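Me: I am new to reading protein models and would like to know what stands behind the words people use. Could you take me through this one?

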Amino acid sequence: MNKLLLLGDEAIAQAAIDAGISGIYAYPGTPSTEIMEYIQTSKDASDRQIHREWSTNEKTAMEAALGMSYAGKRAMVAMKHVGLNVAADGFINSALTGVNGGLIVVSADDPSMHSSQNEQDSRFYSKFAFIPCFEPSNQQEAYNMVFDAFELSEKYKIPVLLRITTRLAHSRTSVELAKEKLHEKKLRLPADPVQFVLLPAIARKRYKSLLSTFDSIKYDIRIGKYNSFRDGTNRDLGIITCGIAYNYLMENIRKSHKNYPVLKISAYPFPADLIRDITSRCKEILILEEGYPLIEEGIRGILDNGAKIYGRLDGAIPRDGELNPAIVAKAIGLPVNTMEKVPPLVKMRPPSFCKGCGHADMFTALLEAIKPFGPGRVFSDIGCYTLGALPPFNAINSCVDMGASVTMAVGAADAGLFPSVAVIGDSTFTHSGMTGLLDAVSKNSPVTVIIADNSTTGMTGGQKSKATGRIEQICAGIGVAEGHIRVVIPLRKNFEENVRIMKEEFEYRGVSVIIASRECIQTAARRKRAEAS
Amino acid sequence: MKNDIIISGVGGQGILSIAATIGLAAVENNLCLKQAEVHGMSQRGGDVQSHFRLSSAPVFSDLIQYGHADLIISVEPMEALRYLPWLSKQGWLVTNSNPFININDYPPIHDLLKEIRKFKNSVIIDADAAAREAGSVRSGNIVVLGAASPFIGVPFASLENAVRKLFNSKGEEIVEVNLKALKAGRDFAER
């Protein structure tokens, strides 16, 4: 039997290869990164020359995947949940254009925000865009679903969302692979030459057809097989659960022999009759969802006058954060025994800059240079350098979304804050900072943008940065005056010079860019190891 | 057979290699497993842990329930204590004695060790010294794995095979160093 030990992310990647994709598009983001990384290191993918380069951001990834689908081939696009916000324009309209070759969009949610700014639930995007969604409970299901999702996508000419959460993405187990690997599709243009032309007159027609497709798709066998009801003898409580929450439930039920009826929902849109059926059988209903209370809100409605329902909305389980076996045990009335507490001498160990990191030297100089101007004027962004918010630096005043450092600095400068400083990484800059810089240049905002250039996408494990070797040219091309594109090397020995350059640019009443350039020490170490072997 | 293991340490100390080794050994013995890892932000010098669930029956939950871990394997003494709420009454705690100090308020090491020694079922090993002796300080994680090996529930030979497989691509020398490290940990625990 052909079995592999795979992370949830890797199971999806392996399935994509086995289901005959011609390309995967992605921007790195925890917990989704390993999907692309697995395909990049796969021998099969290399032999078949599957397209597997990182994209500049999730929007370009989404659109490139749609382009591959247009050409008749199977494509996958993968991102973290907040990446779907960046890709949302293309994602939502792709439901209207529909697809030609099968298209799967993987969104990896991060409830409890282990490595994120929010814990948004991608299933809402499915509902919002009228795009069907699969939500696997385990790695095997994730693997199998990719095949079904491609079939569904091609049958109904619609993209399919595959929603996973951190615990599945980063949990490893044995996965049985398909006996038959599928071949890649041939290049084949859409039968309808205007299928992808969303002029209002065409879009209106396509929207009507999307609405009826979405309505009928819930009865498709590929959706139906992942929404299963298991009856039980104890009908005091019926449990509706989905995704990873199912695992915590079954773990507890197995130990306790509490034989409650269970409805497992793993594909959307789900047929309402399944819900009606379990509600009519059971006295009370408990709803276990990893993420927002999507199903719960749907069942309760505004009147909430049906069956007695327990879930996130009434506090039976916490309103926020990820679930775990203990939360689920409590919710079904089982005791939770902790023998020991964490002794008080155990201290918090937050993440921090690696020893010798260039960002630390950049912040040391920045703090000195900004001192005469006063606090509260450094807007930052998303990456390793966000750790500059923590002691001993306490150097940044914002971290909102990819690219927001530049644009928030511009807005604050518009309001009269001077100097107004942005700190953004090289990969984040090409992801979403360049357009903001163009805004600044077009009105000559008095802002200084420090690009913390470590020549990699550091936080997610050192993926190739699109910015490497191009930042100065990009900034000049956008229109930053040549004399105000400064390059510094963030090393302790350059401290005084770097402080002086920063001060000069802070004082300049126009757009300036300081590129603080030194390779990430982790990436450098990996590169040296690779070169040595 | 069921063995729920928490593997803990600081980002970069090699807890995923420990997990990968046990994983390969488990597969060799036809055991079911689920192993939840921490990737991303915490890997930058923060506390990291892996929930490793090993069983002869299929495993549902990716996470271990509080009070149900049979074993904590820690590459760092303070991190061993962080996961006590998961440890079962009869569970074992195996840890490296060498602190990884990257915070200002790190507690005195003798206080930590005193706290760990309160547990009858504990093994404290100077894994750094044993690793140095085996040939590379970088193998400290494998020493700790060796010291925990009597409590894992897979034959020691399977762990040795797993080390060979895991480090095979890095050359014979690295494989030998890690096999020595594994054995050194095992010998210490059995003394």
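Me: How do you know that β12 (residues 284–288) of chain A pairs with β13(A)?
Reply: Two strands pair if DSSP finds at least two bridges between them. Strand β12(A) is joined to β13(A) by 3 bridges, so the pair qualifies, and the two run parallel. One bridge links Ile285(A) with its partner Ile309(A) in β13(A). As for the names, strands (E, at least two residues) and helices (H or I, at least four) are DSSP runs, numbered from the N terminus. Keep in mind that this is a predicted model, where local features need pLDDT of at least 70, side-chain atom pairs count only at pLDDT 80 or more, and totals for chains, interfaces and linings use all residues. Residues are numbered from 1 along each chain as its sequence is written, while chains are lettered from A and ligands numbered from 1 in the order in which they are written.

Me: What makes β8 and β13 of chain A edge strands?
Reply: Each of them pairs on one side only. They belong to an open sheet of 5 strands in chain A, with the order β8-β10-β9-β12-β13 and mixed pairing. Neighbouring strands in this sheet are turned by 15 degrees against each other on average, direction ignored. Angles run from 0 to 180 degrees between N-to-C directions, and axes are lines fitted to C-alpha atoms, for helices over the stretch in contact.

Me: Which strands does α11(A) touch when it packs on the sheet?
Reply: Helix α11(A) touches β9, β10 and β12 of chain A, and its direction makes about 140 degrees with that of β9(A). Touching here is contact, which means that the C-beta atoms of two residues, placed from the backbone, lie within 7 Å.

Me: Why is α17(A) called roughly parallel to α18(A)?
Reply: Angles under 35 degrees count as roughly parallel, over 145 as roughly antiparallel, 65 to 115 as roughly perpendicular and the rest as oblique. Helix α17 (residues 426–442) and helix α18 (residues 471–478) of chain A pack at about 20 degrees, with axes 10 Å apart. That angle therefore makes α17(A) roughly parallel to α18(A).

Me: What kinds of residues make up the contact of α17(A) with α18(A)?
Reply: There are 8 nonpolar, no polar and 1 charged. Among those in α17(A) are Asp426(A) and Met434(A), while α18(A) brings residues including Ile471(A) and Cys475(A). Ala, Val, Leu, Ile, Met, Phe, Trp, Tyr, Cys and Pro count as nonpolar, Asp, Glu, Lys and Arg as charged, and the others, Gly among them, as polar. Asp426(A) is therefore the charged one.

Me: How many residues do chain A and chain B bring to their contact?
Reply: Chain A brings 40 residues and chain B 39. On the side of chain A, α11(A) gives the most, with 5 residues. That side divides into 20 nonpolar, 12 polar and 8 charged residues.

Me: How do you know that β7(A) pairs with β2 of chain B?
Reply: The two strands are joined by 3 bridges and run antiparallel, so the requirement for bridges is met. Ser171(A), for one, has Ala36(B) as its bridge partner.

Me: What makes Lys157(A) worth a look?
Reply: Most residues other than glycine have a negative phi, and most peptide bonds are trans. Lys157(A) is not a glycine, but its phi is positive, about 55 degrees. It is found in the loop between α7 and β6 of chain A.

Me: Which peptide bonds are cis?
Reply: One of them runs from Tyr268(A) to Pro269(A), with omega near 5 degrees. Another joins Pro391(A) and Pro392(A), with omega about 5 degrees.
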